[in-house]
Amino acid sequence: MGRDPRYAAGPGGPGAPAGRPGVPGADERTQAMSMPAGGRRGDADGQSTEAIQTGGRRRRPPGRGGRGPGGPGGPGGPGGPEGPGGRGPRDPRDFGDFDEDDEKPRRTGWKRFLPSWKILVAAFTVLAVGAFGMIAVAYANTPLPKATQAEAISEGSAIYYNDGKTLIAKVGTPRVIVNDINKVPRHVQDAVIAIENKTFREDSGISIPGMVRSVWMTATGQQLQGASTITQQMARNYYDGLSQEVSIKRKFKEIFVAVKLDQEMTKNQILLQYLNTVNFGRAYGIEAAAMAYFKKHVDQLTPEQGAYLAARIQTPALDADSPQLQGRFKDVINAMAGLDPGKYGNLPSTAKFPKTAPARNSNDLGGLKGYMVTQVMNELESRMNLSADQVRSGGYKIISTFDKKLMQAAKKAVTATMSSMSKEFHAGLAAVDPETGRVVAFYGGNDYLKDPWNEPFQSRKQAASAFKPYVLAAWLDAGYSLNSFLPGNQTVPEKLPGFEKGITNGHSVPSAINAIYATSHSINTAFASMAYKLDEANGTIGQLSAVKQIAEEAGLSKESLDKDIADHKYQFSIGSAGVTPVEQAAGYSIFANEGKHVDYHVVKEVRKDKEVVFAERRDVKQVITPEAAADSVVAMEEVLKSGTAAGKGIGRPAAGKTGTNNDEKEAWFVGFTPQLSVAVGMYREQCVTKSGKIVQPLYSNCPTTPGGKPSKKYGPNNPYTHVKEVSLGFEGAGPPTTIWRTFMMEALAGKPVEQFPPKAGVGTPENLVPSPTPSPSPDPDEGGFPNDIPDDFLDDDGCYDGGPGCDNGGGGGRGFGDDPGQGGQDGGPGAGNDVPLNIPAAMPSGPGTGKDGSGA
């Protein structure tokens, strides 16, 4: 069977040199018939007809590479391959929807997943616009801070003596605020700008290169890059709400705030605020730094000194002359020359690293200062509600009540008397102005850093007979007179509630004595009986309410008084309650100041920017009548004239009272003039090991380890020694009165002599015993001055000091009495050294001692 002539190879087909025009060659037959992409085929007459479309492409438009004119379609001929207007076989452009992009080879493999550059450009544009919009919104919503960080404006406070000029110590942040940029020399300003932000005066508050670098290093977790402008640093350090955390959020907020600050504030305002805020090492703020390093005000600094301080801004912790700081100093000098060559061009060749002042001792609490500062800080918090943190950061000028001369006089008086004593002996002195309540002087110890226990404010000891004037004041204030006859040999009633055996004096005293004699010679039975009579008259038997009220209103601790009455009943009237020297000095002001009392205090006033923000608290209270006070003074003057401290006067009107506790463990003298009331208290503590060995204290403190050296065996929970209070070996009329007298003589030297008000002689005699016949005064042969110790404070064997021969002793026992009698020491003949059962030998424990006193 022959081929169909319509499909014979013609001259235009690839398989023959000639043939019918436009007929595909044999190799193309199948494609043409199936027409998957569309195309043409010829009919028998040689005319074209459009092939049936089956999802293929449309025919190409005319004029785009058609057949050659009349060519047979052969090679080189019209319409044939390589012919004019022709194409090669199966050329893709033969199809009607040909796209030039189709000429590029299609990507294969992973490249086919990459978007075209057009998509990338479009996406970047969208993201940039979005980011810009978000930044704009964030900027608009970032408020300009108003609140400042407490640390940024914190300024240390200064405590002064009572003249308001002599500095005691500074506490808190060392900073002085400069309020005018013109006080900072231009070369100091330029030094800071040159090294920290040379474009400061021209930039908008931020540095774009520095910002990018900082954000990048923060985002990648690297160390937070410096590169912040002065405006940014100031914003971060000064305003509240901009923390120091390392985060993108904080960095953007800082940038926004810096830009806004640059719009709201002048460059000089920003720079001044920055210089007042920055840390220079020894101090915060440029003025305080100038004083700390060069002892100059900032306006006196040289260019080299200004460069030195600028170098410290990024390295505040470096030593004053460290090699690293010297290198930084050279960088500042060179930066200054680059900032203004005309002004600082020669500085790199001439500048020398400046010499700084020695660093101030970081602790200003050594010696007496620590005791004063501590008391001032305590009072500011307790009376003025000003916390220690507020004081350290508030920039206050605090004027204390302390007189520098009298503080030194107090130390001199105590140390001169105690120079021959061991460190076992402790003494506290407090001096109070009776009209104002101001503590003008005290002695609490030699060195606060070695022994922080403040004796006159912290050591609470039994008042002994130095308490009896409060009983006398209550007696006179109730309307009874000095001329009342009081029992001298036994109490009335003989058995007092709560104390069955009664209180006695230990040796012979006339049966009837007046109140002056009872006071000057410290007669126990008289004062216990007076206290009972007052209770009886008030219907408060056993409560000692009248005496307690006077003592409490005179400033003694209510807690201590209440507890002692509950524990000791009428022994309270002869001094079993615990008191401190400063309480006693202020308490006796009711006698020196015509019955009025002002609570003792150590702060005169507190100023802030020259304005008084806390005034002195001087609430005056009339505790007893002026007449009762005047007659009390008459009795107490006799103590120094003819009584227990006879011959210890000071050459001007003075009055007071001695006191000695059990076995002379504590001894007192409290005395006053119209200008000054002073209390001196002494006690003795030994340091005893568990084996009973006695070791010397370290700086008046019992050591917790052998020699105070590190120990694996001993420590705070297992101390090497414990405290044992022992006998002083003297009474109140001894060293305590000597210290008082020495201090008063110096404190009042050159001061006018003032008189006490005359005796009032008011009140009605209330004779608790019949009128004596003859004179109530004892005969010298009867044993001399009676003592203060009752003879009925039993020990655990039923014996008592002053009693008839339970313990061996030659009059060595002591009680609350003051003076040795002619037939024996306080306690009378045959007395031993027993400690009374019901009177504790020591008051509540002090730190590190296990008992009261000056614990470490």
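Which residue in the turn of the hairpin formed by S13 and S14 has a positive phi? The points below begin with that turn and then move to other parts of this predicted model.

1. The residue in question is Asp609, whose phi is about 55°, and it sits in the turn of a hairpin in which two residues lie between S13 and S14. The two strands of this hairpin, S13 (residues 603-608) and S14 (residues 611-614), pair in the antiparallel sense over three bridges, and within that pairing Lys608 has Glu611 of S14 as its bridge partner.

2. Strand S13 also has a pairing with strand S5 (residues 397-400), again in the antiparallel sense, and here there are four bridges. To find one of these bridges in the structure, start at Ile399 and look for Glu605 in S13, which is its bridge partner.

3. For the chain as a whole, the model has 26 helices and 20 strands, and 51% of the 856 residues count as buried. Among contacts with a separation of 6 or more, 69% are between residues 24 or more positions apart, a figure worth keeping in mind while reading about the strands and cores that follow.

4. Strand S6 (residues 425-432) deserves a careful look, because eight of its eight residues are buried, so the strand is largely enclosed by the rest of the structure. In a regular strand the side chains alternate between the two faces of the sheet. In S6 both faces are covered, since Phe425, Ala427, Leu429 and Ala431 on one side are buried, and so are His426, Gly428, Ala430 and Val432 on the other.

5. The pairings of S6 involve two other strands, the first of these described here being S18 (residues 677-689), which runs antiparallel to S6 and is joined to it by eight bridges; one of the pairs is Gly428 with Gly681 in S18. Strand S7 (residues 439-443) also runs antiparallel to S6, with four bridges joining them, and Val432 has Val439 as its bridge partner there. S6 and S7 form a hairpin with six residues between them, and Gly437 in the turn has a positive phi of about 80°.

6. In soluble globular proteins, nonpolar side chains tend to be buried together. The largest nonpolar core in this model has 127 residues, and those with the most contacts inside it are Phe402, Phe467 and Phe743. Helix H25 (residues 626-641) gives the largest share of this core, namely eight residues. A second, separate core has 48 residues, including Met265, Phe294, Leu325 and Ala351.

7. Phe743 can be followed further: leaving aside its neighbours within four places in sequence, this residue is in contact with several others, among them Leu406, Ala409, Ala413, Ala441, Leu676 and Val678. The contacts of Phe743 also include Leu429 and Ala431, two residues that were named above on one side of S6.

8. Helices H20 (residues 524-538) and H21 (residues 545-553) pack at an angle of about 105°, with their axes 7 Å apart, which makes H20 roughly perpendicular to H21. Where they meet, H20 contributes Ala531, Leu534, Asp535 and Asn538, while H21 contributes Ser545, Ala546 and Val547.

9. Finally, His568 is found in helix H22 (residues 558-568), and is this residue buried or exposed? His568 counts as buried because its relative accessibility is 7%, which falls under the cut-off of 20%. The side chain of His568 makes a polar contact with the side chain of Asp564, at 2.7 Å.

Definitions and conventions: Residues are numbered from 1 along each chain as its sequence is written. This is a predicted model: local features need pLDDT of at least 70, side-chain atom pairs count only at pLDDT 80 or more; totals for chains, interfaces and linings use all residues. Side-chain values use heavy atoms; hydrogens and water are left out. Two strands pair if DSSP finds at least two bridges between them. Buried means under 20% relative accessible area, exposed over 50%, partly exposed in between (1.4 Å probe, protein chains only). A polar contact is a pair of N or O atoms within 3.5 Å; within protein, one must be able to donate a hydrogen and the other to accept it, and residues adjacent in sequence count only if both atoms are side-chain atoms. A nonpolar core is a set of buried Ala, Val, Leu, Ile, Met, Phe, Trp, Tyr and Cys residues joined through side-chain atoms within 4.5 Å. Contact means heavy atoms within 4.5 Å. Axes are lines fitted to C-alpha atoms, for helices over the stretch in contact, and angles run from 0 to 180 degrees between N-to-C directions. Angles under 35 degrees count as roughly parallel, over 145 as roughly antiparallel, 65 to 115 as roughly perpendicular and the rest as oblique.
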